[in-house]
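Student: Please pick one part of this structure and take me through it closely. I would like one connected account, with each term explained as it comes up.

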Amino acid sequence: MRRTAGVLVGLMLLGTAACSGGDTAEENTAQACGAADDLTTALDDFRSTLTPDATVDDVRAARDELSSAWQTFDSAATEVVQDRSEELDEAWAGLQKAVDDVAGDATVAGALSTLQDEAAGVKTARDDVVSELDC
């Protein structure tokens with residue numbers, strides 16, 4: 001059973017490595033959520049190994065499986081945070097550009113709609129980051 005789980009975790013690692021780079025934020029989030037579920041399973045498996053009858057080899061093997069699941073989750077979570085950070089950077093750059101694009105002698109009223117939209121984009125990106133961080 002543990003050996004099968006180890007093979008599955010190894011295949012997931014290979015699949016994640018092959019699929020990374022160019023994934024959308026939604027795909028990265030889905031991968032992170034799947035990796036979080038796999039980490040929970042690996043933690044449960046590790047805990048079930050901790051019995052008075054367990055050998056050191058049993059515990060080390062379970063730890064290795066848990067380590068693989070942790071590394072997969074850690075990588076996937078980093079991708080999600082990076083995606084959200086990039087979205088926030090892009091939204092901020094859009095707001096800065098919108099403000100810079102307002103001519104020096106123009107009124108704000110002429111650019112109000114654009115500025116409000118850009119500010120709303122920054123808020124949405126910020127909210128997405130906070131949501132992903134579960135703040």
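**A close look at helix H2**

Tutor: Glu26 is found in helix H2. Helices (H or I, at least four residues) and strands (E, at least two) are DSSP runs, numbered from the N terminus. This is a predicted model, in which local features need pLDDT of at least 70 and side-chain atom pairs count only at pLDDT 80 or more, while totals for chains, interfaces and linings use all residues. Residues are numbered from 1 along each chain as its sequence is written, and side-chain values use heavy atoms, with hydrogens and water left out.

The setting comes first. The chain has four helices and zero strands, in the order α-α-α-α along the sequence. Of its 135 residues, 21% are buried, where buried means under 20% relative accessible area, exposed means over 50%, and partly exposed lies in between (1.4 Å probe, protein chains only). Among contacts (heavy atoms within 4.5 Å) with a separation of 6 or more, 74% join residues 24 or more positions apart.

Now the length of the helix. H2 covers residues 25-49, which is 25 residues. The expected span is 1.5 Å times one less than the number of residues, so H2 should span 36 Å, and its end C-alpha atoms are indeed 36 Å apart.

Next, which residues of H2 are buried? They are Ala25, Asn28, Thr29, Ala32, Ala35, Leu39, Ala42, Phe46 and Thr49. An α-helix has 3.6 residues a turn, so residues three or four places apart point the same way. Glu26, by contrast, counts as exposed because its relative accessibility is 55%. Asp37 also has its place in H2, and Asp37 counts as exposed too, at 53%.

Both of these residues can be paired with a residue further along the chain. The C-alpha atoms of Glu26 and Asp83 are 9.2 Å apart, with their positions 57 residues apart in sequence. For Asp37 and Phe73, which are 36 residues apart along the chain, the C-alpha separation is 9.0 Å.

Some of the buried residues of H2 belong to a nonpolar core, a set of buried Ala, Val, Leu, Ile, Met, Phe, Trp, Tyr and Cys residues joined through side-chain atoms within 4.5 Å. The largest such core has six residues: Leu39, Ala42, Phe46, Ala62, Leu66 and Ala69. At least two of the core residues come from H2, and at least two from helix H3 (56-101). Phe46 shows this in detail: leaving out residues up to four places away in sequence, Phe46 touches Val59, Ala62, Arg63 and Leu66.

Two packed helices are described by the angle between their axes and the distance between the axes. Axes are lines fitted to C-alpha atoms, for helices over the stretch in contact, and angles run from 0 to 180 degrees between N-to-C directions. For H2 and H3, the axes come within 8 Å and cross at roughly 160°. H2 and H3 are therefore roughly antiparallel; angles over 145 degrees count as such, those under 35 as roughly parallel, 65 to 115 as roughly perpendicular, and the rest as oblique. Their crossing is left-handed, meaning that the near helix is turned anticlockwise from the far one by less than a right angle; clockwise would be right-handed.
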